[in-house]
Amino acid sequence: MKIIHTSDWHLGAKLHDQDRGNDHSAFLGFLLKVLENERPDALIISGDIFDTRQPTPAAQTLYYDFIADVAAAQSCGRIVVTAGNHDSPSMLSAADNVLKRLKVDVISRVQPNPEDELCVVRDGAGKVGLVIAAVPFMNDGELVNIARNAGDKSEVPSERL
């Protein structure tokens, strides 16, 4: 299995009040070419896709155009996206139904059933080739809730409760 892993795109970020849209566009163009040349089974995007929880329409357009370009080129078997601390879980998951049709899994929130965070990538023969534990960023409140729901607080350091 061939995997390409990336993170921390921070689409929409500015540097000293200078728009970095051209930089972000150039990076995504570069990544698209890498995918077309390498033809990986999976592209993993591990958080901080956007620089803020309320990305600009321009930043969202870059993201969705990139996903659409990858799907159109069929240059990647599957895309797995997890939310980072800069990302809005609800914004990232808003297009889940459409993205699933493009073979994109978005894990933006901690799932009640941990198995729902597993993404299976199959080879050309349909055999399981890779299982990705796609765990998004978890804030302190989510960690406490997980510990409480598990009923065993001994596994969570006391300073986190």
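User: Why is K100 called exposed?

Analyst: K100 has a relative accessible area of 51%. The labels go by cut-offs: buried is under 20%, exposed is over 50%, and partly exposed is in between (1.4 Å probe, protein chains only). At 51%, K100 therefore counts as exposed. Keep in mind that this is a predicted model, where local features need pLDDT of at least 70, side-chain atom pairs count only at pLDDT 80 or more, and totals for chains, interfaces and linings use all residues. Residues are numbered from 1 along each chain as its sequence is written, while side-chain values use heavy atoms, with hydrogens and water left out.

User: How do you know that K100 and D105 form a salt bridge?

Analyst: Their side chains meet with N and O 3.9 Å apart. The rule asks for a side-chain nitrogen of Lys or Arg within 4 Å of a carboxyl oxygen of Asp or Glu, and a Lys–Asp pair at 3.9 Å passes. D105 also pairs with R78, at 2.4 Å from N to O. D105 lies in strand β6 (residues 104-107) and R78 in the loop between α2 (57-73) and β5 (79-82), so that bridge ties together parts 27 residues apart in sequence. Put together, R78, K100 and D105 are linked in a salt-bridge network.

User: And D105 itself, buried or exposed?

Analyst: Buried: D105 has 12% relative accessibility. Its partner K100, as we saw, is exposed at 51%.

User: What makes R20 and D23 a salt bridge too?

Analyst: The closest N and O atoms of R20 and D23 are 3.4 Å apart, which passes the same kind of check. Here R20 is partly exposed at 28%, and D23 is partly exposed at 45%. Over the whole model, the count comes to four salt bridges.

User: How many helices and strands are there, and what counts as one?

Analyst: There are five helices and eight strands. Each is a DSSP run numbered from the N terminus: H or I over at least four residues for a helix, E over at least two for a strand. In sequence order you get β-β-β-α-β-α-β-α-α-β-β-β-α. The C-alpha trace spans about 50 × 50 × 25 Å along its principal axes, and 37% of the 161 residues are buried.

User: Why is the phi of H16 worth a look?

Analyst: Most residues other than glycine have a negative phi. H16 has a positive one, near 50°. H16 sits in the loop between β2 (14-15) and β3 (18-19), and its 72% relative accessible area puts it in the exposed class. R39 also has a positive phi, near 50°, in the loop between α1 (21-38) and β4 (42-46). R39 is partly exposed, at 46%.

User: Why is A134 called buried?

Analyst: A134 has 2% relative accessibility, so the buried label applies. A134 is in the loop between β8 (128-133) and α5 (140-150). Its C-alpha is 8.3 Å from that of S46, although the two are 88 residues apart in sequence.

User: What makes L118, V128 and V131 a patch?

Analyst: Patch members need over 30% relative accessible area and no salt bridge; like charges are joined within 9 Å, and nonpolar side chains (Val, Leu, Ile, Met, Phe, Trp, Tyr) within 5 Å. L118, in strand β7 (residues 118-122), is partly exposed at 41%, so L118 clears the 30% bar. Together L118, V128 and V131 form a nonpolar surface patch with about 250 Å² of accessible area, taken from the Shrake-Rupley method with a 1.4 Å probe and only the protein chains shown as cover.

User: Which residues are closest to the centre of the second largest pocket?

Analyst: That pocket has a volume of about 160 Å³, and of its 13 lining residues, A71, Q74, C76, L102 and K103 are the closest to the centre. α2 gives the most to the lining, with three residues. A pocket here is an open set of points on a 1 Å grid over the protein atoms alone, where a 1.4 Å probe fits, with protein on both sides within 12 Å along at least five of seven lines; lining residues have an atom within 4 Å of a point. The volume is the space filled by probe spheres set on the points, which are joined across faces, edges and corners.
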